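Welcome, and thanks for taking a look at this one. Please have the sequence and the 3D view open side by side as you read.

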Amino acid sequence: VQSDGAQEMTLLRSVLLQGVPSRVAKAAMAKFDQFKDQVRRDEYIAMIDFTQHSSARRFYLVHRQSGKVDTMSVAHGKKSDPDNDGWATQFSNVPDSNMSSLGAYIIAEKYLSQRFSDSLRLDGLEPTNNNARDRAIVLHRSTSVRDGRSKQGRSFGCPAIPVSW
């Protein structure tokens, strides 16, 4: 039986071998460890690399047990990309900013959105995103996000993923 530290190192190696950028994977693992007391279900760790263009599959969903990584496209807030060129350059935690917020989140609950079907409410765990619930920042599917597009649609600040997920 491995210790938690050894399991995390094995998971980190697996994630890196599947193409998750090192700085993103290491930061996410550190945040997971930092906030583990608030995590009710720990089967997955999700990461978004907003330093990549929106055309990239920059959302990484890590299955902690197997180490398998699923990747997909993800939208960023429309005001995070004021030039509408596919690059998120500005971030905010302010209500009605229409910007994405950086930092660690926890999935609070699943709910049925009239607009987006099944959605996941997100609670921000840091000063950079602790207004997420008040801002109605949720993980949802959107028809404006499709893997393979040269530039994804933009959201009001939510991380939106392809409908096919």
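## A buried histidine

Let's start at His76, which counts as buried because its relative accessibility is 1%. This is a predicted model, so please read everything here in that light. His76 belongs to the loop between β3 and β4.

What does the side chain of His76 make a polar contact with? The partner is the side chain of Arg58, at 2.6 Å. If you click around His76 and skip residues up to four places away in sequence, you will find that it touches Phe50, Ser54, Arg58, Asp81, Gly86, Trp87, Ala88, Ser100, Arg154 and Ser155.

## The aromatic pair

One of those contacts of His76, Phe50, leads us to the next feature. Searching the whole structure turns up 1 aromatic pair. Its members are Phe50 and Phe91, with 5.7 Å from centre to centre and 40 degrees between the planes, which makes the pair tilted. Phe50 sits in the loop between β1 (44–48) and β2 (59–63), while Phe91 sits in the loop between β3 (69–72) and β4 (105–113), so the pair ties together parts that are 41 residues apart in sequence.

Are the two rings' residues buried or exposed? Phe50 is buried, at 11% relative accessibility, which is under the 20% limit. Phe91 has a relative accessible area of 29% and is therefore partly exposed.

## The three-stranded sheet

Now follow the strands that flank Phe50's loop. An open sheet is built from 3 strands in the order β1-β2-β3, with antiparallel pairing. Its edges are β1 and β3; each has a single partner strand, so one side of each has no neighbour in the sheet. From one strand to the next, the twist averages 15 degrees.

Between β1 and β2 there are 5 bridges in the antiparallel sense, and Ala46 has Leu61 in β2 as its bridge partner. β2 and β3 also run antiparallel, joined by 4 bridges; here Phe59 is matched with Met72 in β3.

The side chains along β1 alternate in a way that is nice to see on screen. Ile45 and Met47 point to one face and are buried. Tyr44, Ala46 and Ile48 point to the other face and are not buried.

## The four-stranded sheet

A further open sheet has 4 strands in the order β4-β5-β6-β7, and its pairing is mixed. At the edges stand β4 and β7 (160–162), each with a single partner strand, so each has one side without a neighbour in the sheet. Ignoring direction, neighbouring strands of this sheet are turned by 30 degrees against each other on average.

β4 pairs with β5 in the antiparallel sense over 8 bridges. Tyr111 is worth a closer look: opposite this residue stands Ser119 in β5. Over the face of the Tyr111 ring lies Arg121, at 3.9 Å from the ring centre.

## The link from β4 to β5

Which loop holds Gln114? This residue lies in the loop between β4 and β5 (117–124). With a relative accessible area of 89%, Gln114 is exposed.

To place Gln114 in the whole model, try a distance to His63. The two residues are 51 residues apart along the chain, and their C-alpha atoms are separated by 29 Å.

Notes
Residues are numbered from 1 along each chain as its sequence is written. This is a predicted model: local features need pLDDT of at least 70, side-chain atom pairs count only at pLDDT 80 or more; totals for chains, interfaces and linings use all residues. Side-chain values use heavy atoms; hydrogens and water are left out. Rings of Phe, Tyr and Trp (its six-membered ring) pair if their centres lie within 6.5 Å; planes under 30 degrees apart count as stacked, over 60 as edge-to-face and the rest as tilted. Helices (H or I, at least four residues) and strands (E, at least two) are DSSP runs, numbered from the N terminus. Buried means under 20% relative accessible area, exposed over 50%, partly exposed in between (1.4 Å probe, protein chains only). A charge sits over a ring if NZ of Lys or CZ of Arg is within 6 Å of the ring centre and within 35 degrees of the ring normal. Two strands pair if DSSP finds at least two bridges between them. Axes are lines fitted to C-alpha atoms, for helices over the stretch in contact, and angles run from 0 to 180 degrees between N-to-C directions. A polar contact is a pair of N or O atoms within 3.5 Å; within protein, one must be able to donate a hydrogen and the other to accept it, and residues adjacent in sequence count only if both atoms are side-chain atoms. Contact means heavy atoms within 4.5 Å.
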